[in-house]
Amino acid sequence: AHCCYPIPGDEIIGFMSSGRGIVIHRDRCRNIVQYPKQPAKWIPVNWTRGVKGEFESEILVRTLDRVGLLAEVAGRISATHTNIEHVRVDREGDASALAFRLKVRDRRQLAQVVRSIRTIPGVVRVSRSAS
């Protein structure tokens, strides 16, 4: 699901959607609140052992306003051999909110990205999109 971007290692649940088949959500996705309204459409699912591939995930980076900070964050992401699919920048006074949609293999790779970014001067907070 593009609302919560589940990746291998996440706890997940499936939703039977007409026209789309089974859509996989993180168990913390805001769309799970729909569960009581349509319990027959929600099905338990698990990741297959050894699942391979790249999966979209999104992180949010809160920063102070500093010249070159976006480039530095992008460079750290690239240094972990992670592709950036999309970037959104929202200015908030003397700070910025950066949203990066990434391609990762699993939670370990995503954690490596987050740890790398957290050490950059001017980065206030790094989190995974909560959805």
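**Salt bridges, a small set of strands and a helix pair**

At 17% relative accessibility, Asp106 falls under the 20% limit and so counts as buried. That is a handy place to start in this predicted model, since Asp106 has a charged partner: its side chain meets that of Arg108 in a salt bridge, with 3.6 Å from N to O. Arg108 sits on the other side of the scale, because its relative accessible area of 68% makes it exposed. Here, then, a buried residue is joined to an exposed one.

This pair is just one part of the picture, as a search of the whole structure turns up nine salt bridges. Another of them links Asp10 with Arg128, whose closest N and O atoms are 2.6 Å apart. Asp10 belongs to the segment before S1, while Arg128 is part of strand S7 (residues 123-128), so the bridge ties together parts that lie 118 residues apart in sequence. Both of these partners, Asp10 and Arg128, are buried. They also take part in something wider: Asp10, Arg107 and Arg128 are linked in a network of salt bridges.

Asp90 and Arg88 give a further example, with 3.3 Å between the closest N and O atoms. Buried or exposed does not quite cover this one. Asp90 is partly exposed, at a relative accessible area of 34%, and Arg88, at 39%, counts as partly exposed too.

Turning to the strands, three of them make up an open sheet, arranged in the order S2-S1-S3 with antiparallel pairing. The edges are taken by strand S2 (21-26) and strand S3 (42-44), each of which pairs on one side only. From one strand to the next, the twist averages 35 degrees. Strand S1 (residues 12-17) pairs with S2 in the antiparallel sense over six bridges, and Ile13 stands opposite His25 in S2. As a general point, strands of a sheet pair through backbone hydrogen bonds, either parallel or antiparallel.

The helices come last. Helix H1 (residues 69-79) and helix H2 (residues 107-118) have axes that come within 9 Å of each other and cross at roughly 145 degrees. The crossing in which H1 passes H2 is right-handed. As for who touches whom, Val73, Arg76 and Ile77 in H1 meet Val113, Ser116 and Ile117 in H2. Sorted by character, the residues of this contact are four nonpolar, one polar and one charged.

Definitions and conventions: Residues are numbered from 1 along each chain as its sequence is written. This is a predicted model: local features need pLDDT of at least 70, side-chain atom pairs count only at pLDDT 80 or more; totals for chains, interfaces and linings use all residues. Side-chain values use heavy atoms; hydrogens and water are left out. Axes are lines fitted to C-alpha atoms, for helices over the stretch in contact, and angles run from 0 to 180 degrees between N-to-C directions. Helices (H or I, at least four residues) and strands (E, at least two) are DSSP runs, numbered from the N terminus. A crossing is left-handed if the near helix is turned anticlockwise from the far one by less than a right angle, and right-handed if clockwise. Contact means heavy atoms within 4.5 Å. Ala, Val, Leu, Ile, Met, Phe, Trp, Tyr, Cys and Pro count as nonpolar, Asp, Glu, Lys and Arg as charged, and the others, Gly among them, as polar. Two strands pair if DSSP finds at least two bridges between them. A salt bridge is a side-chain nitrogen of Lys or Arg within 4 Å of a carboxyl oxygen of Asp or Glu. Buried means under 20% relative accessible area, exposed over 50%, partly exposed in between (1.4 Å probe, protein chains only).
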